[in-house]
Amino acid sequence: MPTQQTEFYNNAAKKAADKQHYLKIEHNLNQYDKAVKNGLQQYQNLEAAKQYAKAVKAHSIDNLDVLLEQFEKQFTQNGGQVLWAETIEDAQQHILEIANRHEANRVVKSKSMVTEEVALNPFLEKQGIEVVETDLGEYIVQLAGEKPYHIVTPAMHKSKEDVQQLFHQKLGTAPDLTPQQLTLVARENLREKYTVADIGITGANFLIANTGSVALTENEGNGRLTVTYPEVHIAITGIEKVIPAIEDLHIFWPLLATYGTGQSLTVYNSIISGPKKSTEANGPKYMYVILLNNGRTKLLATENQREALQCIRCGACLNVCPVYKTIGGHSYGTTYSGPIGAVINPHLHSIKELGHLSNASSICGKCTETCPVKIDLHNHLLHNRHQAQQTQKQSAKDKLTWYAWRKAMLSRRLMNCGQGIKNFLINLFFKDAWGDNKELPKAKKSFNQQWKKRQRKRS
């Protein structure tokens with residue numbers, strides 16, 4: 001049975017050689033780059049905004065226990081119930097128990113990466129509960145039987161033509177509908193689902209400790225409908241999403257919107273503080289918040305890497321990563337992809353099993369440069385590489401390769417030896433790593449020889 005590492009390298013090699021895939025992602029990310037450049041114009045001092053956001057998130061992570069207890073106390077006073085989930089299985093069981101308690105068999109969901117993390121859809125479907133994604137991108141990948149491709153843009157890998165064919169096959173629509181028509185088809189199908197759903201499930205962009213509130217940000221209104229129509233609302237989120245005060249949203253909502261989609265602010269921003277009161281016309285009758293650990297406290301305990309928990313899931317590091325652009329989101333084989341995924345997944349699961357993900361980086365530092373909360377991502381990737389190397393037993397081939405490399409690098413005579421021999425050895429030891437779709441370059445002269453020749457010409 002292939003390991004996760006083997007599957008990753010195989011999938012990455014296939015995607016890297018897929019020209020059509022590359023063109024789709026390049027087009028979408030070029031649009032993103034333009035939008036972000038425009039969005040950043042709203043800041044007079046972007047660096048100050050990022051420093052402020054980093055300080056608030058650092059304070060939140062350093063005081064996670066206190067803030068979570070404060071959130072639980074306030075949310076409970078607001079009439080809601082907080083449930084703690086140490087593992088994926090705990091989270092699944094909490095949701096199943098709520099569904100059974102309320103005799104629910106129909107669920108609508110707004111976009112949530114944590115529900116992907118706990119494999120909620122297949123779990124509920126096995127229990128005979130219908131689950132419908134209401135975010136358009138999530139709805140598309142659900143129809144396709146796929147997982148989200150991107151933290152913010154789940155269907156980034158789908159072209160207009162892909163969606164036309166998907167809707168034609170799954171929904172029986174005409175095969176040449178425009179994007180506007182496709183959106184209206186999805187809207188018509190989903191509107192009915194809201195009205196009959198027993199439970200609405202969302203994630204949480206932020207948990208506000210001082211008011212006991214869940215902050216949601218989205219662009220389609222599906223989050224609000226998911227919260228408003230069903231009698232029961234469940235918000236499931238990682239414990240790291242807590243922030244101290246409602247006043248902190250003034251910095252986080254614009255940063256999340258700008259780095260996520262290039263907007264000054266997303267279209268719908270909601271603050272939900274529990275089930276509806278007797279004086280309120282809309283809202284759920286019952287509300288639950290499930291706080292998921294699933295390895296986050298393990299990352300919290302690593303003092304030199306805990307800042308990775310400060311991530312606000314804007315997806316900006318994915319969008320600028322040259323490796324992500326080449327191999328795509330599905331190649332990672334994990335819920336969270338790109339640089340942030342490569343940093344946190346090995347800690348949420350196992351360095352031994354997922355440490356190879358840190359190799360999916362050129363260490364160019366672009367992810368660190370773009371991060372709105374200034375997480376030192378590329379150095380965390382290097383740290384993960386070091387940890388992963390310590391868990392692996394070096395093969396005899398690797399030992400021989402690096403022994404020969406060291407000997408050659410320390411000897412000018414060997415460095416200047418016949419290029420035919422060097423080309424043969426490089427091809428022998430590194431062809432697999434280079435891949436089948438590229439040809440190893442062949443040198444006619446050593447660098448030293450070329451340098452001397454150039455210097456003679458200049459003199």
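**Figure 1. Surroundings of Arg 313.** Not counting residues up to four places away in sequence, Arg 313 touches Ile 151, Val 152, Glu 240, Lys 241, Leu 256, Arg 296, Tyr 336 and Ile 344, where contact means heavy atoms within 4.5 Å. The model is predicted, so local features need pLDDT of at least 70 and side-chain atom pairs count only at pLDDT 80 or more, while totals for chains, interfaces and linings use all residues. Residues are numbered from 1 along each chain as its sequence is written, and side-chain values use heavy atoms, with hydrogens and water left out. Arg 313 sits in the loop between helix 13 (296-300) and helix 14 (316-320); helices (H or I, at least four residues) and strands (E, at least two) are DSSP runs, numbered from the N terminus. With a relative accessible area of 14%, Arg 313 is buried (buried means under 20% relative accessible area, exposed over 50%, partly exposed in between, with a 1.4 Å probe and protein chains only). The side chains of Arg 313 and Glu 240 are joined by a polar contact of 3.4 Å. A polar contact is a pair of N or O atoms within 3.5 Å; within protein, one must be able to donate a hydrogen and the other to accept it, and residues adjacent in sequence count only if both atoms are side-chain atoms.

**Figure 2. Ala 316 in helix 14.** The relative accessible area of Ala 316 is 0%, so this residue counts as buried. Outside the residues up to four places away in sequence, Ala 316 touches Tyr 32, Tyr 259 and Thr 370. Ala 316 and Thr 368 are separated by 52 residues in sequence and by 9.9 Å in space, C-alpha to C-alpha.

**Figure 3. The largest cavity and its lining.** The structure holds 3 cavities of 30 Å³ or more, and the largest has a volume of about 100 Å³. On a 1 Å grid over the protein atoms alone, a cavity is a set of points where a 1.4 Å probe fits but cannot get out, and lining residues have an atom within 4 Å of a point. Grid points are joined across faces, edges and corners, and a volume is the space filled by probe spheres set on the points. The largest cavity is lined by 14 residues, and Cys 311, Cys 314, Cys 317, Ile 340 and Cys 371 lie nearest its centre. By class, this lining has 12 nonpolar, 1 polar and 1 charged residues (Ala, Val, Leu, Ile, Met, Phe, Trp, Tyr, Cys and Pro count as nonpolar, Asp, Glu, Lys and Arg as charged, and the others, Gly among them, as polar).

**Figure 4. Helix 16 (residues 338-348).** This helix is mostly covered, with 11 of its 11 residues buried. Among the buried residues of helix 16 are Pro 339, Ile 340, Ile 344, Asn 345 and His 347. Of these, Ile 340 also belongs to the residues nearest the centre of the largest cavity, and Ile 344 is touched by Arg 313.

**Figure 5. Strand 7 (residues 232-238) and its pairing partners.** In strand 7, 7 of its 7 residues are buried. Val 232, Ile 234, Ile 236 and Gly 238 point one way from the strand, and His 233, Ala 235 and Thr 237 point the other way. Two strands pair if DSSP finds at least two bridges between them. Strand 4 (residues 199-202) pairs with strand 7 in the parallel sense over 4 bridges, and Gly 200 has His 233 as its bridge partner. Strand 7 also pairs with strand 10 (residues 286-292), in the parallel sense over 7 bridges; here Ile 234 stands opposite Tyr 288.

**Figure 6. An open sheet of 4 strands.** The strand order is 8-5-6-9, with mixed pairing. Strand 8 (242-243) and strand 9 (268-272) are the edge strands, each pairing on one side only. Strand 5 (residues 206-208) and strand 8 run parallel and are joined by 2 bridges. The bridge partner of Leu 207 in strand 8 is Val 242.

**Figure 7. Thr 228 in helix 11 (residues 222-228).** Thr 228 counts as partly exposed, at 31% relative accessibility. Its side chain reaches the backbone oxygen of Arg 224 at 2.6 Å. Leaving aside neighbours within four places in sequence, Thr 228 is in contact with Asn 282 and Gly 283.

**Figure 8. Asn 121 in helix 7 (residues 120-126).** Asn 121 has a relative accessible area of 13% and is therefore buried. A polar contact of 3.0 Å links its side chain to the side chain of Glu 133.

Methods. On a 1 Å grid over the protein atoms alone, a cavity is a set of points where a 1.4 Å probe fits but cannot get out, and a pocket is an open set with protein on both sides within 12 Å along at least five of seven lines; lining residues have an atom within 4 Å of a point.
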